[in-house]
Every structure is written in structure tokens, then in C-alpha cells.
Amino acid sequence: MKQSRLVMVGNGMAGVRALEELLKLAPDLYDITVFGSEPHPNYNRIMLSPLLAGEQTLEQIVLNDWNWYTDNGITLHAGCTVTKIDRQTRSVHAVNAAGEPLSAPYDRLIMATGSNAFILPIPGSQLQGVLGYRDIADTQAMIDAATQYPHAVVIGGGLLGLEAANGLMKRGMQVTVVHVGDWLMERQLDETAAKLLRKSLQERGMRFLMGAQTQELLGNDAGRVRAVRFKDGSEVPADLVVMAVGIRPNTALAESARLHVNRGIVVHDTLQTTTDPRIYAVGECAAHRGVAYGLVAPLFEQGKVLANHLAELGISRYEGSVTSTKLKVTGIDLFSAGNFQGSADTEEIVLSDPIGGVYKKLVIENDKLVGACLYGDTVDGSWYFKLLREGQSIAGIRDRLMFGESNLGDSGHEGHSKAAAMADSDEVCGCNGITKGSICQAIKDKGLFTLEEVRKHTKASASCGSCTGLVEQIIMFTAGGDYSAKPRLKAMCGCTDHGHQAVRDAIRANRLLSIPAVYRFMEWRTPNGCASCRPAINYYLLSTWPKEAQDDPQSRYINERSHANIQKDGTYSVIPRMWGGETTADELRRIADAVDKYQIPTVKVTGGQRIDLLGVKKEDLVNVWRDIGMPSGHAYAKALRTVKTCVGSEWCRMGTQDSTQMGKDLERAMWRMYAPHKVKFAVSGCPRNCAESGIKDVGVIGVDSGWELHIAGNGGIKTEVAHFFTKVKTAAEVLEYTGAFMQLYREEGWYLERTVHYVNRVGLDYVKQRILEDHTGRAELWERLQFALDGEPDPWFELQKAAVDERQFTPVAQVSHSAATATLPA
């Protein structure tokens, strides 16, 4: 059968989603050609904000890679700009990046040209450093600017503007948001919620100019923007200006082809243009019933309808969408939907806790929920959205509506998760329109067991990610016994069938105090274990029963046995501890003298604000440490390595808290702390976060009202951004909360498991429950850590107490025959 020719102009999310749906319905019906002006395959535009903030990479936001086009027989002209649509000859004409012309005939054409950022028509808008925020090129330009310039101004305090401002701030820029309205996100939030949002963002370091009307942008001699001037004559410095004041449907090509355009390319419920039935429009460029949508969920709904008609099924209609909004700024939860402002005909139920940072407003009309605005606690957002969209009567649950779905007291759902209580027709992923039934079907039919598998096969949780927790519940609920049975228990090593948790549990429950006792009790297959299980068990014993369990130095890795990092040439490195990264002239002199005396070839400043002496001979280690006279940096151990700090309020003009002192206090409190893996802290004096606290095991960020704590970050092979954990007011609380989290990790983490993996395994909610909600338990964890660390020796200055075998530092060649003979058994 000869295939019809389908051409699509645009390679964005809405259009490609329509193709994905079409390929499911009629994979062989069309010969498909796609023109995309960007030189990238289809990517998740929603994730540009996390990309800007450094939380995602370009590779991670690609939805369909190059192979997807090839595998589905789609011809992709990436980096090509369509210049003309000839409706008479039914052909599309374009030029590629080299200026070469190319064209493609069509039988049906999809216009998926998206939208353009609106640039204010004010003097200076053409200067270098002034841009919108729509695509990867804009994002990369912002990232590049952040590496060179300190001041950014974002014009527009809406959803996109705040996400851009947050990303630039995380990139280290001083960001001022200029907003003409009285409060932020006035299209998504009421004034109360907006004030809470503004307060939270201000505490992170974002600046705001409300009610400010931009008059012009001022440039420097090089033609780059240098400042923003307002109508009242005031100015703010700006090396980068991001205009986030709205988008406009990209309809220029449609207009040149004489398609009917009014707020977008006008389409029927079938997504066919009202001008030409062979031409369709989908996404932000389309105007349906007078509305051009800018959120992804309605665009995907349009894509489904379009695919249905292209597949010649003709049974689907798009009748418009009800939208909801979430902000993609880490640590800030807000949700709004429907008529959240209310009117004279509506009633409101309001819960307001400004100190606790929680605000909820539900708008009701005729016993139906018609709007919701949530800040701080958005866990029931999807439930409210469902009630709103379905128009259910809330008369019977009105008195409990504010407290969420979990407080309905439905005994029929008692003990079941939210996922279990949902109907198959309930929508789980609003972005992609995926129902619970679709996910369950995919899990059963395809044997899916992980979140990644479900994302791959259903797209659920693959866009904004706000439904990830719910999708995970559905996997666990649906996979049931198979879920627990198929992922087989991973044994600790070949010496046993027991896993790490079973060994930890046995040590605690049976008060096992030595490695041989563990082997006997758990019926180890080998009498002396192996290099994998011995270090792990030794750690489990010491962390479970401090001061009681028997340490076995020979069961530590080579670096811990020799208390120094062995290098590739057989020499060692010495890293003395510098509390909070601070040092003195006297310490530097001693280090310099040791370098000269022992002819140490390399002196290197590390990323953790310490000095690394590389190339030290093993026989010199004891004397080098003695001459330096500084505590061990434990740079070789599964232990607290370093506490990175900025200069904080003591020296920095921007600093709000004394981060250096906080870092020194943290390091002195926990510096001898062994852990399942190496641990690093950082303390920043303000939300500019110069100490990179967002990628540390514990990151502390000073704000005006105290300190923010972030946990489980990792700057290693795979960078992981830390989770916002809580906010505290005092330095003593920082110590207690940090210590309690570390002790929980020490007691429950598996050996060689980083904090990020530990938190992923047990769940952030569990950690919050143990540290934030259980006040007594938190204090006990902190006390147990202090008890464990009390009197712990420095291995280089308390050699005998630390059970360091000093013989290892004596060169073999220097052992005399008589001494060697004397040690031999008779």
C-alpha cells in the first residue's frame, strides 16, 4: 500500500507526541517527515528550568533520541527553518543551517510551530545579553552568562520568570525579578499565596522590584546591556536581562500561507485548521475555541485527538482543557487550578499558617470544587484537581475537604495506599494524560517492575515528574507479590546468602561483637570471609556497638590500614585537616617546612579547601605528620572528609550567616566519624551558595532567618542535587539535625552506600519522620553519635590507641636479620 505523505513543521513536545500516538494507532499509514529549527532531537521543554539550574543535563531531557526517528522511519530535518508552505502544490520549503534549500511534498501537514517569547518593544531590547527563555539556545546563553557576569534581571514574575530567576541564582548570579503586578504569578496564585512564595524566594537570595515599569535597557560601549532603567528614573545593574513576560503563538508561517489566525492558528475540535482540512495545528501555535494553551497537559490531549484523526479513526474530539500549575523550583511546593481567585458567587475554605509556610484555599460553587490554590502542602493537589475536573459534589465531605483525601475516614480503603483506592479511569500523569488503568495494564502485560520501565512504556512521570510518587505506589500495588519476588535478594558476597540488611539486623538483635561471632551466627560459608564482607561487617560492628565491638584493623581497606591514600606510584598523600577550610600562617609554615625537609614533589589545593601533599614516601609518613602537627584529614577513609565553607557574613558583603564558624563547628563535632562511605559537608553563608552546598551529603545554606538544611547530595561520578530537608534557626539546631541524620545513616546505611542512595532506598519521607517529626528520636540519635565519637583517637597522633601497626612504615630493607629472626617462631 502506498503511504500518504505526512509532513510536520516543528519538532517540539506537542507535535512529536501526536506522532507517537499516531504510530501506536497506524504505524504504516504515513511516510513521515519532520522539520525542526533547533539542531536537537525532541526534548522536554518543561525541563529547561532544571537544566538551567544544573539539576538535569541535556541528555537527560531528551525525550526521543536520534535513533527513535530512524527506528520509526521518520525523516528528520533538524536545524532547518521552513520558509514557505505552498498550499497549491502541497509542498513545504525550507533551508538548512548551511543555507541550502530543501522541500517536501505533503498529503497532510501538521503545524506544530509552538510559540515565541515576547520581547518588550523598549529601547535597548536588541542589546547583547537580552534574551527570552524558550529553548536550549536561550538556556545555554544564560548558563554561559552566569559564568562571566554577576548581575541578572528577569523581567516578569510569572511561572517562567521565577524558574529562570531560580536557575540563574543557582548558577551564582545575583538576580532581581522585575514585576509590573502587585504580586507574583497573579495568573496562578492569589495574593496570600504569592506573598508566601515571595518570602521564600527572598530568603534564598532572590530580589524583587514589584510594580516596577521598565522604561529602557542601557548598554555599555561593547553593545552589551549594563542596566535596566525604570519609569521613575531608578536603575539596577544588569549584565543579563531575561524577558519572561509572556509567549506569542508562532503563526508567521501560517499567516504567510493564508491560514486563518486569531490568537493562534484557528482549528476545529478535530485539530484541522478552519482554512484547509489537509492542514492541522497542534500545541501552542493553535487556537481552539479562542484559547491558545501554554501548558503541556492540554497540548498532549490535543496530540491524542490529532493522531486519532490522522489514523482515520475519526471518533475523537478535543473540547478544551482545565489546567493546573506547579512551580518547578526545588523546595517550593505550590499548586493552583481552576477559579482559585473566586467570585461573588463562590464560597471559600481557607487554611492559613504563615509561620509554618502552609496556605490552602478551596473555592466552592454550588457544592462543587471550582478552584484550588495550595502553597507549602500540595500533596492533595491531584485529588482536588480530579474533583474539580469531574465536577463531583463535595457536599458529603465538605467538613473534611480541607484536610485531604487521606482524612476522609473511608474504612473500605483503610490500610491501602492512595494508588489502591484510585479507579482505573483516574488520571495519574496530567502532563501525558495517563490513567491508572493504563499503567496497571502496562505493568501486567510487559512485566514492568521499575519506575524507569513504566516511564519508558507509558510516559507516566516522564514530563514534569510531579506524579512520580503516585506512579511508584501503583507499581508496588500492581506488581504485588511479583514485585517482591522478582528482584532477588542480593547477597553481601559469595561467602553468604545473607544481604547487608540481614547482617545489620543480626548484629543488633543478637549483640554480636566480633567478625568471627557474625560468621558463626550467620553460618558463613567461608571461615575468614573475603575482602568484600570483612570491611563491611567490621563497620557494622563498630557503628552498632561503639566502644564494645572489637575493631579489626586488618579488615579495613589498604588506605585505612595505612591511614593514608596510596597513589599510583606507590607513594602516599598527606592531607591535614583544616577546620572549615581555614588555616593559619603557622600551619602553612609547618607544611612548607615539611615539604622541603621530606622533598615532597607536589603540593596541591584540593576541591575540599585543603592542602594535599602528594608523593610522600611511606617511611616518611609518621615524621611528616609529626612535623606538620595538624589533625588527620581522614582523606583516606570512609569518614567525614571535609566541610567546605564560603567566607560568610564575616567577610562577604552578601553573607547573611557566619558560614565559616558554622563549618568549623560542624567539622570539630564530627571529624572522627566513620560512615558507610565518605561524607562531605558544605556551609554557605547565603543562598548564592558559593560553597556548593547543593551537592553535598549535608548542605547548609544561611538565610536571613537561620539555616536551610539539604541532604543526600553527591558531586561524584553522577552528580545528585541534595533534597531540601528543613529550615532551622540556630547553629545548635544545625549541629543536632546534621548529627542525627549522620547517625541514622551510620546505623542504617549499607557499607559503600552513599547518603543519596541510602535516602533513595528508605525514602525521604522516612528520614523526615525520623529526624523532623520524632523530636525525642532525633535527640537520641545525636547523643549516640556524640557517644560514639567521644575519645576516638587521631590515628597519626595516638598511634597505639588507634591500633595503628607502626611496623608497616618501616622499609623492609631496614629490617635487620637479627630482628627478623627474633620475630620468627622457634
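Analyst: Let's start with a definition: a residue is buried when its relative accessible area is under 20%, exposed when over 50%, and partly exposed in between, using a 1.4 Å probe and protein chains only. What you are looking at is a predicted model, where local features need pLDDT of at least 70 and side-chain atom pairs count only at pLDDT 80 or more, while totals for chains, interfaces and linings use all residues. Residues are numbered from 1 along each chain as its sequence is written, and side-chain values use heavy atoms, leaving out hydrogens and water.

User: How many aromatic pairs does a search of the whole structure find?

Analyst: The search gives 12 of them. W68 and Y69 make one such pair, with 5.0 Å from centre to centre and 85 degrees between the planes.

User: Why is the pair of W68 and Y69 called edge-to-face?

Analyst: Rings of Phe, Tyr and Trp (its six-membered ring) pair if their centres lie within 6.5 Å; planes under 30 degrees apart count as stacked, over 60 as edge-to-face and the rest as tilted. The centres of W68 and Y69 are 5.0 Å apart and their planes make 85 degrees, so both conditions are met.

User: Is Y69 buried or exposed?

Analyst: Y69 is buried, because its relative accessible area is 2%. Its partner W68 has 15%, so W68 is buried too.

User: What makes W625 and W796 a stacked pair?

Analyst: Their planes are 15 degrees apart and their centres 5.6 Å apart. The pair links distant parts of the chain, 171 residues apart: W625 is in helix α20 (residues 621-628), and W796 is in the loop between α26 (775-789) and α27 (817-823). Both tryptophans, W625 and W796, are buried. Helices (H or I, at least four residues) and strands (E, at least two) are DSSP runs, numbered from the N terminus.

User: Which charged end sits over the ring of W545?

Analyst: That of R511, at 4.4 Å from the ring centre. R248 lies over the face of F118 in a similar arrangement, 4.2 Å from the ring centre. The rule asks for NZ of Lys or CZ of Arg within 6 Å of the ring centre and within 35 degrees of the ring normal.

User: How do you know whether E523 is buried or exposed?

Analyst: E523 has a relative accessibility of 67%, so it counts as exposed. E523 is found in the loop between α16 (515-521) and α17 (533-544), and has a positive phi of about 50 degrees although it is not a glycine. Q599 also has a positive phi of about 50 degrees without being a glycine. Q599 lies in the loop between α19 (585-597) and β32 (602-605), and its relative accessible area of 66% is why Q599 is exposed.

User: Why is the chain called as compact as a globular protein of that length?

Analyst: The chain holds 27 helices and 38 strands. Its radius of gyration is 31 Å, close to the 28 Å that the globule rule gives for 826 residues, so the description fits. The radius is taken over C-alpha atoms, and the rule is 2.2 Å times the number of residues to the power 0.38. Along the principal axes, the C-alpha atoms fill a box of roughly 105 × 70 × 60 Å.

User: What percentage of the 826 residues is buried?

Analyst: Buried residues make up 51%.
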